[in-house]
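Here's a quick tour of a protein model for the bench. Have a look at it first, then read on for the details.

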Amino acid sequence: MAMAWKRALKHGVIPRDGAQVVGIRSFAIASKAKKGGKGGAGDAAKTPALSKELKSTTVFGANILKEGSDPKIQPDSEYPEWLWCLLDKRPMLSELRRKDAKTLPYEDLKRFVKLVNRARIKEKNALTAKN
């Protein structure tokens with residue numbers, strides 16, 4: 001028996017029952033294709049149609065729990081105030097440089113310092129990359 005295994009390993013051919021004992025994985029045998037061929041025509045009928053009322057009151061795809069349901073859209077008063085500021089345009093470095101630093105609000109001043117430091121680091125990196 002040992003000689004058979006030695007010969008099989010030497011030639012790289014392992015019988016199917018031996019592969020199960022050793023623990024080697026192999027590809028699954030492909031099943032016959034279903035009739036009707038490829039195409040999404042059959043798949044499209046499987047997706048449920050959503051009503052317009054349901055679409056306007058629910059956030060689809062926002063559920064992160066297995067047993068949970070998609071959250072309902074609430075009135076604007078139910079959301080925090082900071083949420084409405086997320087999409088506001090913040091001033092660029094060139095705009096902040098044109099303004100007087102003493103008159104800038106605290107948030108803009110913090111942004112100005114951050115952008116100046118970032119520009120300085122990029123400039124130094126560009127100089128060292130050329131050398």
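pLDDT is the predictor's confidence in each residue, on a scale from 0 to 100. You'll want that in mind, since this is a predicted model. In the protein chain, helix 6 (residues 106-130) has the highest confidence, with a mean of 93, while helix 3 (residues 41-44) has the lowest, at 52. The chain as a whole averages a pLDDT of 76, and 62% of the residues score at least 70.

As for the fold, the protein chain has six helices and zero strands, so to speak an α-α-α-α-α-α run along the sequence. Just 8% of its 131 residues are buried. Among contacts with a separation of 6 or more, 7% link residues 24 or more positions apart. About 12900 Å² of the protein chain is exposed, with carbon and sulfur atoms supplying 59% of that.

Now for some side chains. The structure holds one aromatic pair: tyrosine 79 meets tryptophan 84 edge-to-face, 6.1 Å centre to centre and with 90° between the planes. There's also a nonpolar patch on the surface, made of Leu50, Leu54 and Phe60, which together have about 240 Å² of accessible area. Phenylalanine 60 sits in the loop between helix 4 (52-57) and helix 5 (93-98).

How accessible are the aromatic residues mentioned here?

| Residue | Relative accessible area | Class |
|---|---|---|
| Tyrosine 79 | 27% | partly exposed |
| Tryptophan 84 | 41% | partly exposed |
| Phenylalanine 60 | 40% | partly exposed |

Phenylalanine 60 can count towards a patch because its 40% relative accessible area is over the 30% that patch residues need.

Technical notes:
Residues are numbered from 1 along each chain as its sequence is written. This is a predicted model: local features need pLDDT of at least 70, side-chain atom pairs count only at pLDDT 80 or more; totals for chains, interfaces and linings use all residues. Side-chain values use heavy atoms; hydrogens and water are left out. Rings of Phe, Tyr and Trp (its six-membered ring) pair if their centres lie within 6.5 Å; planes under 30 degrees apart count as stacked, over 60 as edge-to-face and the rest as tilted. Buried means under 20% relative accessible area, exposed over 50%, partly exposed in between (1.4 Å probe, protein chains only). Patches are made of residues with over 30% relative accessible area and no salt bridge: like charges are joined within 9 Å, nonpolar side chains (Val, Leu, Ile, Met, Phe, Trp, Tyr) within 5 Å. Accessible areas come from the Shrake-Rupley method with a 1.4 Å probe; for residues, only the protein chains shown count as cover. A salt bridge is a side-chain nitrogen of Lys or Arg within 4 Å of a carboxyl oxygen of Asp or Glu. Helices (H or I, at least four residues) and strands (E, at least two) are DSSP runs, numbered from the N terminus. Contact means heavy atoms within 4.5 Å.
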